[in-house]
Amino acid sequence: MKTIRIGGALGYWGDRTDALADLLGGGPLDYVIMDYLAEITMSILQKQRQKDPRLGYAHDFVPLVKSVLPLLRRSGARLIADAGGLNPLGCAVAVVAASGDAGQPDWRVGVVYGDDVMPHLDRLAREGIDLRHFETGASQREIPGPIVSANAYFGAFPIAEVLGRGAEVVVTGRVNDAALALGPMIHEFGWRADQCDLLAKGTMAGHLLECGGQASGGNFNGGWREVPRLVDLGFPIGEVAEDGSLVVTKHPDQGGLVTPAVLKEQLLYEIGDPSAYIVADVTCDITELEMEDLGNDRVRVRGVRGHPPTSSYKVSMSYEGGYQISVGLVYTWPDCVAKARAAAELLLGRLKKLGLAYRDHRVSIFGYDAVHGDMSRRVEDPDEVYLRVSFLVDDAATADRISREMVTHILCGVPTACGLEPGRGSPHRQIVYWPSLVPKSALGPAVALKGGAE
Amino acid sequence: MKEVALARIAHGRSGDKGDTCNCGIIARRPEYYPVIAAQVTAERVKAHFGDFCQGAVRRYDLPKIHAFNFVLEHALGGGGTASLRIDTQGKTYAAALMRVKVQVPDDWDV
């Protein structure tokens, strides 16, 4: 039976970039996927595009691809990445230019785009389509700040289409993360849109691969001490057959661990109802999923079922809120928790005296209960703590004045304090997430091919 | 019976979708699964997280892989870049859930 090998080389923008060359050089592969886009990444890219309309994609993807082009050609693998962000066409053109610079000018780069909902907002409003918050049900009209980004999550069929037209690198905007892996399966095996079980099997294979090293021993809570060589962690590989059967593994001579325990953590990562994991192409049911340890870092996954997809695309929107600023100091023994609490009270008292208003604040004492609050053990009288006070304010100027006020605590405040890092913190604009749905009839994907075929 | 932290018989991973956090919790051995199923209910998890979880908690069971998915709504202080909390994406919430105490037989080597 025909089988393809797909590697997952990147889990988010900022993840290890040397994993790509390790995957391509470590053994045979047919496809490599790279997932750049977390929920909040689009709003970061939007800010970059506002400054320069040529940007709006993961710019470091371009030199990374350039550095592995010879390796890609040698291995015969094709690369699929959602690095296009808000500007997939711009990203593809940049990859084509870089391949020319690298002496490989005939590369064919496929593009999947059309997911940007911002240009459609006025039309959708005219058509009476309300991008309601899909958790609270609130109307789009209640969004309290300017919308920064809005992107629909497309499926895998447009990726399969550009692969069918000969693309060696595929750059997309927002797609379901797992679609990056499902696209090549549809292309290779000829799966149809009504073959829900197959599409669901492929989607869950993609889900296991989309977070890179998390499926091969990274961030493994089940036994992190037992994971060999995180320093050269081998990223996960899915061996998918045309009947949708799946074995997850990694290259044998690299670090990491692929066991059922490792894969169960990734399987359940960022999912809701396991009987209805919804993507654009299919609704997946993993309640009957089983895993079998084949030994030697090989795990068989079976039992995924599929149901027809919904009539909507998920839309991830974000809007600008207020400004956030975090300030803080280290306090040492004795009585450091009491000192930190007193310093927080002093700061709030000073802000009141200075007439500096804030919408919200939070006092966190690291080394005591900062991360888990009332769930913490709260060890009494630790040696040192870090006090962090975070504020949400209306404007950057107020944030800056709060930041300056904290510095005065060194001479005017509670004793035995020192700074954690040089300098003061700087405020950042709050980006608030607004998940929604849009009818599939309202917009859809577009594809193009750049480079070689032009 | 003896009382141990859930961490002794389970492991897991957590993450975010907007202001919702999910904790995938996996029994370390198949025989631990029914103990977790009986004792680590959605109600208990909701109470455990206290003011950290402002919404509902739902538990989904995956008996074939001896695992559970707990979905905590309004649990991240607004989530993503909007929250004033430290762990705005719930990356450590599975570890926080591991603090829950469970009663297990005295002869379990955990």
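In what order do the 3 strands of the open sheet in chain A run? The order is β9-β10-β13, and the pairing is antiparallel. The views below come from a predicted model.

**View 1. An open sheet of 3 strands in chain A.** Strands of a sheet pair through backbone hydrogen bonds, either parallel or antiparallel. Here the sense is antiparallel. β9 (277-278) and β13 (305-307) of chain A are the edge strands, and each pairs on one side only. Between β9(A) and β10 (residues 283-285) of chain A there are 2 bridges. Look for I278(A): opposite it, in β10(A), stands T283(A).

**View 2. A helix lies across strands β10 and β13 of chain A.** The helix is α8 of chain A, residues 196-209. Its direction makes an angle of about 115° with β13(A). The loop between α8 and β7 (237-241) of chain A holds N219(A).

**View 3. Helix α3 of chain A bends at V68(A).** This helix covers residues 61-75. The bend is about 50°. A proline, P70(A), follows V68(A) within four residues. Which residues of α3(A) are buried? They are F61(A), V62(A), L64(A), V65(A), V68(A), L69(A) and L72(A). V68(A) is thus both the site of the bend and one of the buried residues. Against what do the buried residues of α3(A) pack? Their partners are α1 (18-25), β3 (78-81), α4 (88-101) and β6 (169-172) of chain A. After the helix comes G76(A), with a positive phi near 80°.

**View 4. Two residues of chain A, N219(A) and T416(A), have positive phi without being glycine.** Most residues other than glycine have a negative phi, and most peptide bonds are trans. For N219(A), phi is about 50°. For T416(A), phi is near 55°. T416(A) sits in the loop between α12 (409-412) and β17 (417-418) of chain A. Are these residues buried, exposed or partly exposed? N219(A) counts as partly exposed because it has 18 C-beta neighbours inside 10 Å. T416(A) has 14 C-beta neighbours inside 10 Å, so T416(A) also counts as partly exposed.

**View 5. A cis peptide bond joins W333(A) and P334(A).** Omega is about 0° at this bond. P334(A) belongs to the loop between β14 (312-332) and α10 (336-354) of chain A.

**View 6. Chain A has two assigned domains, 1 and 2.** Domain 1 takes in 3-115 + 153-310, and domain 2 takes in 320-432. How many Å separate their centres? The separation is 40 Å, taken over C-alpha atoms.

**View 7. Chain A meets chain B.** In this contact, 40 residues of chain A touch 34 residues of chain B. On the side of chain A, two or more residues come from each of α9 (260-267), β11 (290-293), β14, β15 (360-366), β16 (384-393) and β18 (428-439). β18(A) gives the largest share, 5 residues. This side of chain A holds 16 nonpolar, 13 polar and 11 charged residues.

**View 8. A loop residue of chain B, A56(B).** A56(B) lies between α2 (42-49) and β4 (57-62) of chain B. A56(B) counts as partly exposed because it has 13 C-beta neighbours inside 10 Å. V71(B) is 15 residues from A56(B) in sequence. In space the two are 8.1 Å apart, C-alpha to C-alpha.

Note on methods:
Residues are numbered from 1 along each chain as its sequence is written. Chains are lettered from A and ligands numbered from 1 in the order in which they are written. This is a predicted model: local features need pLDDT of at least 70, side-chain atom pairs count only at pLDDT 80 or more; totals for chains, interfaces and linings use all residues. Two strands pair if DSSP finds at least two bridges between them. Two residues are in contact if their C-beta atoms, placed from the backbone, lie within 7 Å. Axes are lines fitted to C-alpha atoms, for helices over the stretch in contact, and angles run from 0 to 180 degrees between N-to-C directions. Domain bounds come from an automatic or database domain assignment. A residue is buried if 20 or more other C-beta atoms lie within 10 Å of its own, exposed if 12 or fewer, and partly exposed in between; C-beta atoms are placed from the backbone. The bend at a residue is the angle between axes fitted to the seven residues ending there and the seven starting there. Ala, Val, Leu, Ile, Met, Phe, Trp, Tyr, Cys and Pro count as nonpolar, Asp, Glu, Lys and Arg as charged, and the others, Gly among them, as polar.
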